[in-house]
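Where do the aromatic rings of this protein meet, and how are they arranged? Take a look at the model before reading on.

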Amino acid sequence: MNQTIDTLLNHRSIRQFKNTKITDEQLDYIIRSAQQASTSSYMMAYTIIGITDADKKAALAEVSGQPYVEDNGHLLVFCADLHRQTHTATSEDYKQMLENLENCEHFLVSAIDAALAAQNAAIAAESMGLGICYLGSLRNHLERVDELLALPTHVIPLFGMAIGEPAHKPDRKPRLPISAVYFENEYTPHEDAIEKFDDQIAEYYQSRSSNNRSDTWTEQMHRRFKKTMRMDVTDLVQKKGFNKR
């Protein structure tokens, strides 16, 4: 065990922050750490937008429906970005590049690059005693987020990250057992591991310090996938020039 592993294993999502802005030095370390993440073919196909305008923060909180989108030490939005790759392209260059810009491969590349950068940022923040919460809820109205951030073609918002000094310490949520996520050489049936995890989760929800309920992981997943959600995302993704081929 070392300090890095200890930080990783003690992650929990923070949804209540003290009314304290993070320092410029902290932000600099977080962004520079994000930039050192691995990136496919040196594309660095992402952009990070810090939201300091109070009206924009409030508008993003309205999209999200979560108060901690507005009430935090700093708010970041991570975007997939293939726009800068076209920055100096002539019209002929752009025509030749377009098939790749619009294909599924480079949509995946840009989303993965952004996620890797974000996780580096999260670890950097947590290593300094800050808390973070990923904000997929910004995709509740992705077109509105796109407009608020004035994003050009080939740039789309993916998710946000609230950062700040924790104002609470929630229980650490259990993760699936290793036997359910790590296999060797081929995909392995693991229903027994899921059943045991459901038992563990049921106990966790009944005994945690707040918001007790009767539930399992499997029941959560069934509820989530039975209810359609964010069906407008595909249209905006393609409108912005991603994943069209």
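This is a predicted model, and it holds six aromatic pairs. One of them is formed by F107 and F242, whose ring centres are 5.9 Å apart. Their planes stand at 65 degrees, and an angle over 60 counts as edge-to-face, so this pair is edge-to-face. The pair joins distant parts of the chain: F107 belongs to helix α5 (residues 104-127), while F242 lies in the segment after α10 (233-239), and 135 residues separate the two. Are these two rings buried or exposed? Buried means under 20% relative accessible area. F107 has 18% and therefore counts as buried; F242, at 0%, is buried as well.

A further pair consists of F183 and Y187, with ring centres 5.0 Å apart. The planes of F183 and Y187 make an angle of 70 degrees, so this pair too is edge-to-face. Y187 is exposed, with a relative accessible area of 65%. Elsewhere, F78, Y134 and F159 make up one aromatic cluster.

Now to the protein as a whole. It has 10 helices and four strands, which follow one another along the sequence as α-α-β-α-β-α-α-β-α-β-α-α-α-α. The radius of gyration is 20 Å, close to the 18 Å that the globule rule gives for 245 residues, so the protein is as compact as a globular protein of that length. Of the 245 residues, 38% count as buried. Among contacts between residues at least 6 apart in sequence, 78% join residues at least 24 apart.

Technical notes. Residues numbered from 1 in each chain as written. Predicted model: local features only at pLDDT ≥ 70, side-chain atom pairs only at ≥ 80, totals over all residues. Heavy atoms only, no water. Rg over C-alpha atoms; globule rule 2.2 N^0.38 Å. Buried < 20%, exposed > 50% of the residue type's maximum accessible area, 1.4 Å probe, protein only. Contact = heavy atoms within 4.5 Å. Phe/Tyr/Trp six-rings, centres within 6.5 Å; stacked < 30°, edge-to-face > 60°.
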